[in-house]
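Dear colleague,

I am passing on the structure below, together with a short account of what came out of looking through it. Please read the account with the sequence and coordinates open beside you.

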Amino acid sequence: MVSSDISRECTELEKELQKYKLWANLVPSGSWGESLFRLMDRKEWDIVRKTAYAHYSHSCAICGQSGITLYGHEDWKYDYTKSIQQLNNILALCNLCHMCNHLGFAGIQASKGRLDYSELINHWCKINSTSKKEFKEHERIAFRLWTLRSRFEWKVVDASGSEISEKPSSSDILNGLWR
Ligand SMILES: [Zn+2]
């Protein structure tokens, strides 16, 4: 069991991050296996992400860009007192909004020359109408929250509250979203 001090700190850090329209909501390390993209059959995941693209009128759900390549993004919410990680949304996101949500992965991609990290920072600053200095602070808080979130043993559930199975179908995952 994680102490109530840690639960409280998580809640406070999350509140800090939620001030931003675009923020890094990092998935705890122990839950990586629960990535829907990995768990689902490719065909089923394709149905989920394409349903999300249509739901968001084929535009990025955060910055609103259209006519660009979209990515299906699993957005999770965390109950720190009950240790429940629940699917909050499937978002249609542009590449940079998606990378901002996966800052750890974005850093790795940048180190391999596959992503321009300064372009990511500029995008973040533009969407949030703020400074690069603030990006650094947001980054620090996001990774601190990620470290703390990784100490929990999460029960991972879908949007309707049912525990996620080993091979979820698209209808399992879409059930309970956008009601
Ligand atoms: Zn975007």
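Helices here are DSSP runs of H or I with at least four residues, strands are runs of E with at least two, and both are numbered from the N terminus. On that basis the protein has 8 helices and 3 strands, which follow one another along the sequence as α-α-α-β-β-α-α-α-α-β-α. Please bear in mind throughout that this is a predicted model.

As to overall dimensions, the C-alpha trace spans about 45 × 40 × 30 Å along its principal axes. The radius of gyration is 16 Å, which agrees with the value near 16 Å that a compact globule of 179 residues would have. Among contacts between residues at least 6 apart in sequence, 66% join residues at least 24 apart, and buried residues make up 26% of the 179 residues.

Turning to the interior, the largest nonpolar core holds 33 residues, of which Cys60, Ala92, Leu93, Cys97 and Cys100 touch the most other members. The elements that give two or more residues to this core are the helices α3 (42-55), α4 (95-101), α6 (117-128) and α7 (132-149), along with the strands β1 (71-79) and β2 (84-93); the largest share, 5 residues, comes from β2.

Cys97 may be a useful place to start when you inspect the core. Leaving aside residues up to four places away in sequence, Cys97 touches Leu22, Cys60, Ile62 and Cys63, and Cys60 is itself among the core residues that touch the most other members.

With best wishes

Conventions:
Residues are numbered from 1 along each chain as its sequence is written. This is a predicted model: local features need pLDDT of at least 70, side-chain atom pairs count only at pLDDT 80 or more; totals for chains, interfaces and linings use all residues. A nonpolar core is a set of buried Ala, Val, Leu, Ile, Met, Phe, Trp, Tyr and Cys residues joined through C-beta atoms within 7 Å. A residue is buried if 20 or more other C-beta atoms lie within 10 Å of its own, exposed if 12 or fewer, and partly exposed in between; C-beta atoms are placed from the backbone. Two residues are in contact if their C-beta atoms, placed from the backbone, lie within 7 Å. The radius of gyration is taken over C-alpha atoms; the globule rule is 2.2 Å times the number of residues to the power 0.38.
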